[in-house]
Amino acid sequence: MRILNIIVCIKQVPDPKEFSKIAIDPVRKTIVREGIPSIINPLDKNALEEALRIREKYGGKVIVLSMGPPQALEACKEALAFGADEAILLCDRLLAGSDTLATAYALSKAIRKLEPYSLILCGNETVDGSTGQVPPQLAEFLGIPHVTRVRGIKIIDDEAIVESMMEYGYRIVKVKLPAVLAVVKEINTPRILSVFGIISASSKKLIQWCVSDIEADIDMIGLEGSPTRVTDVFTPEVKRRCEVFRGPVEETVRKAVRRLHEIGVF
Amino acid sequence: MSGEVWVYAECRSGRLMDVSIELINGARKIADKIKSSTASIILTDNVGQLADELISYGVDKVYVVEHPLLRLYQNDLYTDIICEAVLKYNPEILLIGATSIGMDLAPRIAARLKTGLSAHIVGLDIDENGILKQIVPGFGGGVMAVVTCPKARPQIATVRPGVLAKPEKTSKKGEIINFKTEISEEKIKARTLEIVEEEPLGKPLEEAEIVVGVGLGGCKPETFKLIRDLAETLGAAIGGTRPAVDEGYIKEDQMIGQSGKTVRPKIHIALGVSGAMQYMVGVMDSKTIIAVNKDPNAPIFKMCDIGIVGDLNDVLPILLEEIKQLRKT
C-alpha cells in the first residue's frame with residue numbers, strides 16, 4: 001500500500017537528568033520545575049526516528065503533533081530539524097489540566113483534521129508522568145487498533161507485523177492500518193541532529209492550532225473533561241537508620257558488619 | 001451497598017499472574033471499607049481450576065469468560081468483553097496489574113467507558129467520602145500524587161506488581177458466574193499471533209530474600225566479579241539501575257525502579273548506586289537497605305540503614321570475608 005501521512009505525537013518534558021531539582025510548593029500543592037531544561041520526551045524521538053525510516057522506505061509525509069504550552073514550539077522545531085515534514089502544536093489555555101483521557105481526546109480531534117493517515121507513532125510513555133496511557137486511549141477515540149511496547153515494525157500492504165515486548169519475551173501482533181503504535185527504545189537509535197536539518201527546519205510548515213481549530217467539545221478537555229483529580233502531591237518520606245560508616249576501609253567494614261549483626265540483619 | 005471491587009485476573013499459558021493474586025488482597029481491604037464484595041474477571045480459552053484458585057485466594061465471586069479466541073491476549077476483543085461486563089454489573093472499582101498486558105489493556109477500557117485511570121500505583125486506600133485514593137509516582141518516583149476519580153465509574157487503576165503482599169490460600173467458598181457474550185473473529189484488528197516466552201535468567205528478583213543492586217559504580221569487569229561473588233555467597237539475586245543495563249552488566253529483566261521492577265527483599269545491598277529516586281522507588285519496601293558508595297555525598301546515604309563510604313574494589317573483599325565469618329559462628 002502507498003503510505004500516506006505518518007503522524008508522530010511528541011511531548012515536551014523536563015529533562016529527567018534534572019529531576020532531583022523538582023520541588024513541591026507546599027502551600028499551593030503544585031510542582032515547581034523552574035530552571036529545569038525541557039527536552040523532547042526520549043521515547044518520542046524513537047517514534048520520530050521510526051517514522052523517518054518508514055518514510056525513507058515507503059514514502060509519505062511525517063507530521064509531528066504536540067500539545068502543550070507555547071514553549072513546546074521549541075520541541076516542534078527540533079522535530080522538524082530531525083527531518084519531519086510538518087509540525088503542529090495544539091496550544092490553548094482551555095487544554096490546561098487535561099488528564100490522559102482529555103489529552104487523548106484532544107489529540108484525536110486534531111488527528112481527525114489530518115486524515116487520511118496510515119500510522120500514528122508515539123513513545124510508549126513520557127518520563128514525567130510515565131503512565132503510557134495516552135497511546136491506547138488515543139486509538140480508542142479514533143476507533144483504530146493499537147499496540148504498545150513496540151520494538152519492531154514491518155509493514156506489509158495495509159497491515160503491520162509488530163513485536164511488542166513483554167516481561168519475559170514478546171508478542172507478535174498483526175495489526176490493521178491505520179493504527180497507533182507506541183514504541184520502546186529498543187526499536188532504533190535516533191539520528192543525530194545535522195546542521196543541514198537545522199537550517200532546512202526554518203522553511204518547514206510549523207503551525208499552531210487552538211481548541212476551536214479542532215472542533216473539540218469543551219466539556220471533554222482541560223480540567224473539566226478530566227475524570228481524575230490530583231488531590232495532593234508529596235515527596236516520599238524515607239524512614240531509615242542512615243548510619244554511615246567511613247574511614248580506613250578494613251576497620252570501617254568491620255564496624256558496619258558488626259552493626260548489621262547487632263540489629264539482626266546478618 | 002456499593003458496587004463490587006473487581007480485579008482483572010490476568011493469566012498467561014494457563015497460569016495466574018502473581019500480581020492478579022496480590023490485588024485480591026487490596027480489593028478485600030477496600031471492599032470491607034466501602035461495605036462491598038470482591039470479584040475477579042478472567043478471560044481464557046480454558047478456565048480449568050483457575051476460578052476455584054481465585055476463590056481460594058479470597059475473592060467472593062469470579063466472572064468467567066471462556067472462548068477459544070481468548071487463548072492469547074487480544075486487546076480489542078478483551079476490551080469489548082470487559083467493558084460489556086462492566087456495563088452489565090457496574091463495579092465500583094476495577095484493579096488491573098500493571099504488567100505489559102495490563103498497561104496495554106487498561107487505558108483502552110478506561111477510554112471506552114470515559115472514566116478515570118491512574119497508572120502503576122504504589123498505594124491505595126479509601127478516603128472519607130468512600131472514594132479510592134490512588135498513590136501515583138511521577139517524575140521518576142521523586143514525587144507522589146494522590147489521584148482520585150470523584151464522579152465517573154468504575155474507578156480504574158493499574159497497580160504495580162509487588163506493591164501488595166500475596167494472600168494465603170484458604171478453603172473459602174465463592175460463586176462462579178459464566179459471562180456469556182458474542183465473541184467473533186472480526187472484532188480482532190490487532191491480532192496477537194504468538195507469544196514468545198523467554199526464560200528469566202537465574203532466580204527471579206521478586207522472590208529473592210536478598211537482592212544485590214548494581215549501579216554505575218559497579219560497572220567495571222573486576223568490580224562486577226566481586227559483586228557476583230558476594231551475591232553467590234549470600235544466595236542473592238542481582239538487579240540494578242538503568243545505567244547498569246545500558247552498560248550491559250545486567251539485563252533489562254533485572255532492572256529495578258520506576259521503569260523496572262519493584263522488589264521487597266529482607267536485605268537490599270546497593271553497590272555503586274547513587275540513590276536516584278527512579279531507582280529507589282523500586283527498593284523502598286526492602287526491610288534493610290545496605291549501601292556502599294565511594295561518594296560520601298551520594299543521596300543513597302540518606303535513604304539506607306547502613307552505609308559504607310568506600311571504593312567497591314576495597315570494600316567488597318572485606319565485606320565478603322566478614323559476612324562469611326559471621327555465618328560460621
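Me: How many residues does each chain give to the contact?
Reply: Chain A gives 68 residues and chain B gives 68 residues, two residues being in contact if their C-beta atoms, placed from the backbone, lie within 7 Å. This is a predicted model, in which local features need pLDDT of at least 70, side-chain atom pairs count only at pLDDT 80 or more, and totals for chains, interfaces and linings use all residues. Residues are numbered from 1 along each chain as its sequence is written, with chains lettered from A and ligands numbered from 1 in the order in which they are written.

Me: Which element gives the most to the side of chain A that touches chain B?
Reply: That is α7(A), with 10 residues. Helices (H or I, at least four residues) and strands (E, at least two) are DSSP runs, numbered from the N terminus.

Me: And which strand of chain B is joined to β14(A)?
Reply: β14(A) is joined by 5 bridges to β10 (residues 143–148) of chain B, and the two run antiparallel. Strands pair if DSSP finds at least two bridges between them. Phe234(A) stands opposite Met144(B) in β10(B).

Me: Changing topic, what is the strand order in the open sheet of chain B?
Reply: The 7 strands follow the order β7-β11-β6-β1-β4-β5-β12, with parallel pairing.

Me: Why is one side of β7 and β12 left without a neighbour?
Reply: β7 (117–121) and β12 (175–178) of chain B stand at the edges and each has a single partner strand, so one side of each has no neighbour in the sheet.

Me: Where does Thr44(B) stand?
Reply: Thr44(B) is opposite Glu66(B) in β5(B). β4 (residues 38–44) and β5 (residues 61–66) of chain B pair in the parallel sense over 6 bridges.
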